[in-house]
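Here are my notes for anyone opening this structure for the first time. Have a look at it before reading on.

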Amino acid sequence: AAPSANPFGQISPTTAQHVLDNLGGRIDLILDGGPCEVGVESTVVLMTGERPCVLRHGGVTIEQLELVLGPVDVQRSVDDDGDASSSTSELESPAAAMSPGMLSQHYSPTTPLALLSNVDVRSIVGKRVGLLRLVRRPATTGSIDEFAAVETLTEDGDLRLAAAHFFAALRRLDARGLDLILAEPFPDEGLGRALNDRLLRACHRY
């Protein structure tokens, strides 16, 4: 249903082959039910406070939760940045992680990864750079004219499809022997919030 069987901190698997790549030789059996339909991990919600608090963005979106529960809070990592939506407040706390996926560095490829908007193009001239993008359009890359590898998640910007393809595309880029992977951020709505969350935690090591 959703990714889970991965070594701590590494890219999540969305196919049986991904699990074999990561855990082959350490487990006895893999049941292959096909690729994950959702593609990102489950949403984790804490229900013990005055109102629900999302500990991890995932396949159930903030918008879906609020249709049923009303306004919800969002717990974020101590060093995260970002503004709350009109109906959602964000809580900052140095408390120990209460859920998987709350550490500031997680879901990381071996290849350094950075948001396209955060990189000075002059610093990467001459390097083998890959691009992860939502739709097939020219990227705003300054003086970068060519990428060694490009992964396009959708043809029309469908965030559900993007989530289903996200980790597999990141794995393919990670296997290309690149110096750097650049990623375009996703729209900060619906499943885009979960995808941006995964990107930011994967980018932390660059």
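The points below go through a helix, some strands, the aromatic rings and the salt bridges.

1. A word on the source before anything else: this is a predicted model, so please read every value below as computed from that prediction.

2. Let's begin with helix α2, which covers residues 62-69. Its buried residues are Ile-62, Leu-65 and Glu-66. Looking down the axis of α2, you'll find these buried residues within an arc of 95 degrees, so they line one face of the helix. Turn to the face pointing away from that buried side and you meet Leu-67 and Val-68, which are exposed. Right after α2 comes Gly-70, with a positive phi near 85 degrees.

3. Next, strand β6, residues 129-133. How many of its five residues are buried? Five of the five are, so to speak, under cover. Both faces take part: Val-129, Leu-131 and Arg-133 are buried on one side, and Gly-130 and Leu-132 are buried on the other.

4. Strand β6 has neighbours to look for. It pairs with β8 (residues 180-183) in the parallel sense, over four bridges, and there Val-129 stands opposite Leu-180. With β7 (residues 149-152), strand β6 also pairs in the parallel sense over four bridges; here Leu-131 has Val-150 as its bridge partner.

5. Strand β7 is worth a look of its own, as its side chains alternate. Ala-149 and Glu-151 point to one face and are buried, while Val-150 and Thr-152 point to the other face and are not buried.

6. On to the rings. The count of aromatic pairs comes to two. In one of them, Phe-166 and Phe-167 have ring centres 5.0 Å apart and planes at 65 degrees, and because angles over 60 count as edge-to-face, that is how this pair is classed. The other joins Phe-166 to Phe-186: the centres are 6.0 Å apart and the planes are at 75 degrees, so this pair is edge-to-face too. Phe-166 belongs to helix α3 (residues 159-174) and Phe-186 to the loop between β8 and α4, so the pair ties together parts that are 20 residues apart in sequence.

7. Are these three rings buried or exposed? Phe-166 is buried at 1% relative accessibility, Phe-167 is buried at 0% and Phe-186 is buried at 6%. Together, Phe-166, Phe-167 and Phe-186 make up one aromatic cluster.

8. Now the charged side chains: the structure has eight salt bridges. One of them links Glu-41 and Arg-198, at 2.9 Å from N to O. Glu-41 sits in the loop between α1 and β1, and Arg-198 in helix α4, so this contact ties together parts that are 157 residues apart in sequence. Glu-41 counts as buried at 5% relative accessibility, and Arg-198 is buried at 0%.

9. Stay in helix α4 for Arg-201 and Asp-197, whose side chains meet in a salt bridge of 2.8 Å, N to O. They are four residues apart in the helix, which puts about one helical turn between them. Both Arg-201 and Asp-197 are buried. Through shared partners, salt bridges join Glu-41, Asp-197, Arg-198 and Arg-201 into one network.

10. Finally, try the salt bridge between Asp-120 and Arg-122, where the closest N and O atoms are 2.9 Å apart. Asp-120 is partly exposed, with a relative accessible area of 36%, and Arg-122 is exposed at 68%.

How values were computed. Residues numbered from 1 in each chain as written. Predicted model: local features only at pLDDT ≥ 70, side-chain atom pairs only at ≥ 80, totals over all residues. Heavy atoms only, no water. Buried < 20%, exposed > 50% of the residue type's maximum accessible area, 1.4 Å probe, protein only. Helix = DSSP H or I, 4+ residues; strand = E, 2+ residues; numbered from the N terminus. Arc of directions from axis to C-beta. Pairing = 2+ DSSP bridges. Phe/Tyr/Trp six-rings, centres within 6.5 Å; stacked < 30°, edge-to-face > 60°. Salt bridge = Lys/Arg side-chain N within 4 Å of Asp/Glu carboxyl O.
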